[in-house]
Amino acid sequence: MTAKDVEQGRRATASSRSVELKRRALAMGFTAVGVANLEKNAHAAELDRWLAAGYAGTMTYLHRQAPKRRDPARILPGARVAVVTLTNYWHGSTDPGAMPRGSRARIAQYAWSADYHAVVGPRLERLAAAIRELAPGAATKCYVDAGPVPERELAQQAGLGWIGKNMMLIDPARGSFTFIGVVLTDAALAPDLPFDGDRCGTCRRCLDACPTQAFVAPGELDARRCIAYLTIERRGAFTPTERSQVGEWLFGCDVCQDVCPWNEKFATSTRDPELAPQPAVSAAADPAELLALDDTAFTARYGDTPFARPGAAGMRRNAAAVLEHRAE
Ligand code: B12
Ligand code: SF4
Ligand code: SF4
């Protein structure tokens, strides 16, 4: 057997392993899956510029994680590839419909269901176990949202879509209402081709629709002006300007996705039972009721929902801003 034969054999194993892994991933409930080679981040300079401009606001962890985001192979020594998954969370409407309009405030789609870290995380662990079964002895490490992983970039590298002017990873078959989850591994798996092209064309709907003009340029977001940042990540009290920027949004914001033609045309409702909307969250869309909850009552009701991230004080702050906006 020649060295060429050995190499061909290795490639065939990596390729059939990838095919089997993808089959299993879809059976586990992931909507799409691809494999990306772990190369140095070709857009590291964009990340550096973004951080230097101060757009990360109080998300100081993004500065700390930058060296690993620039070179994701450093996250898991010896890692060769990232298995990247998408999980569709679109609920079929922009309105949870749990309460009469008027008393309700808006909540981003992703938060209508259980905390996605608790849904996608265990699925990724099952996917990692499948990798170890197919490639005995392989090392694996799972990430969803929390961690120094450039998730959108890896999803594009895994062929799953392009990064739109709204900075979202857009899957041409499903739009952008998807969670990204990643398993890094040193297993030999055949990589997919990166997604080729940008299908935004001349469209600029997301840029024009953003209620706070948070996009300083196409694909460049000043997070400090983004309602998702203000209502979820921002710690402490709002400045008067920030308070007025929140508008109707109690938690997160979907405007730059709602207006995207790729979502209008291709988003389909998830039938994932673990992502069914939770009445406890939809009901909280009444900001007056939320404002009245003390810390204990808040934790009892929302301790295991996405609202736990800003916490009781953060959610009361958000509720007060929405009520003030309504009174104007
Ligand atoms: C910090 C963060 C935020 C911040 C900052 C958002 C931002 N645009 O950077 C805030 C709090 C504002 C936020 C908001 C939201 N977020 Co967020 N967020 C993150 C987090 C933790 C890090 C993102 C980051 O590093 N930002 C800094 C920028 C500079 O990096 P980047 O986004 O990776 O962008 C890179 C590429 O754009 C690349 N690049 C630049 N030019 C080009 C050109 C080409 C051709 C290519 C290929 C790449 C490329 O360079 C950049 C640096 O490497 C990720 C999870 C993760 N670990 O990646 C989730 C994540 C991006 N968020 C997510 C979601 C769902 C949201 C919201 C929709 C939530 C909501 N409804 O309220 C909004 C959307 C706002 C928006 N339009 O981006 C999802 C996105 C899923 C998807 N399909 O894209 C992620 C991936 C979490 C997850 N695991 O699912 N988020
Ligand atoms: S999430 Fe809302 S505030 Fe943030 S960039 Fe998109 S439209 Fe603007
Ligand atoms: S709204 Fe238009 S410009 Fe924005 S991400 Fe969608 S296709 Fe691209």
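This report walks through the ligand shells, salt bridges, pocket, cavity and one buried residue of a predicted model.

## Around ligand 1

Let's start with ligand 1, which has 38 residues around it. Those that come nearest are Arg69, Glu151, Asn166, Leu169 and Ile180. By class, the shell around ligand 1 divides into 21 nonpolar, nine polar and eight charged residues.

Some polar atoms are worth finding on your screen. Asparagine 41 places a polar side-chain atom 3.3 Å from an oxygen atom of ligand 1. Glutamate 153 also has a polar side-chain atom 3.3 Å from an oxygen atom of ligand 1. With valine 149 it is the backbone that takes part: one of its polar backbone atoms is 2.9 Å from a nitrogen atom of ligand 1. Two or more residues of the shell come from each of the elements α2 (44–52), α3 (61–70), α5 (151–157), β7 (178–185), α7 (227–233) and α9 (255–258). Of these, α5 gives the largest share, with four residues.

## Around ligand 2

Ligand 2 has its own set of neighbours. Four cysteines, Cys210, Cys226, Cys253 and Cys256, are found around ligand 2, together with Pro211, Thr212, Phe215, Leu221, Ile227 and Val255. Sorted by class, the shell around ligand 2 holds nine nonpolar residues, one polar residue and no charged ones.

## Salt bridges

The model contains 21 salt bridges, and a few of them make a good tour. Along helix α1, arginine 11 pairs with glutamate 7, and their closest N and O atoms are 3.4 Å apart. The two residues are about one helical turn from each other, because they sit four residues apart in helix α1. Arginine 11 is exposed, with a relative accessible area of 59%, while glutamate 7 is partly exposed at 32%. Another pair is arginine 204 and aspartate 208, whose side chains meet at 2.7 Å, N to O. Here arginine 204 is partly exposed, at 43% relative accessible area, and aspartate 208 is exposed, at 53%.

Glutamate 248 and arginine 326 form a salt bridge too, with 3.2 Å between the closest N and O atoms. Glutamate 248 belongs to the loop between α8 (240–246) and β10 (249–251), and arginine 326 to helix α14 (residues 311–327), so this pair ties together parts that lie 78 residues apart in sequence. Both partners are partly exposed: glutamate 248 has a relative accessible area of 26%, and arginine 326 one of 28%. Elsewhere, Glu20, Arg23, Arg24 and Glu133 are joined into one network by salt bridges that share partners.

## The second largest pocket

The second largest pocket encloses about 240 Å³ of space. Helix α1 (residues 3–27) gives the most to its lining, with six residues. Both partners of one salt bridge described above, Glu7 and Arg11, are among the lining residues. The lining also includes Arg10, Thr13, Ala14 and Arg17, as well as Asn37, Arg80, Val81, Ala188, Leu189 and Ala190. Counted by class, the lining has five nonpolar, two polar and five charged residues.

## The largest cavity

How many cavities of 30 Å³ or more does the structure hold? There are two, and the largest cavity has a volume of about 90 Å³. Its lining is made of 13 residues. Nearest the centre of the largest cavity lie Cys200, Cys203, Cys206, Cys260 and Pro261. Helices α6 (205–209) and α10 (261–266) are the elements that each give two or more residues to this lining. The lining divides into eight nonpolar, one polar and four charged residues.

## A buried phenylalanine

Our last stop is phenylalanine 195, in the loop between β7 and α6. Is phenylalanine 195 buried or exposed? Its relative accessibility is 12%, so phenylalanine 195 counts as buried, the cut-off for that class being under 20%. To place phenylalanine 195 in the fold, look for alanine 158: the C-alpha atoms of the two residues are separated by 7.0 Å, although the residues are 37 apart along the chain.

Notes: Residues numbered from 1 in each chain as written. Chains lettered and ligands numbered in written order. Predicted model: local features only at pLDDT ≥ 70, side-chain atom pairs only at ≥ 80, totals over all residues. Heavy atoms only, no water. 1 Å grid on protein atoms, 1.4 Å probe; cavity = no way out; pocket = protein on both sides within 12 Å on 5 of 7 lines; lining within 4 Å. Points joined across faces, edges and corners; volume = space filled by probe spheres on them. Nonpolar A, V, L, I, M, F, W, Y, C, P; charged D, E, K, R; others polar. Salt bridge = Lys/Arg side-chain N within 4 Å of Asp/Glu carboxyl O. Buried < 20%, exposed > 50% of the residue type's maximum accessible area, 1.4 Å probe, protein only. Near = heavy atom within 4 Å. Polar contact = N/O pair within 3.5 Å; in protein donor to acceptor, adjacent residues only side chain to side chain.
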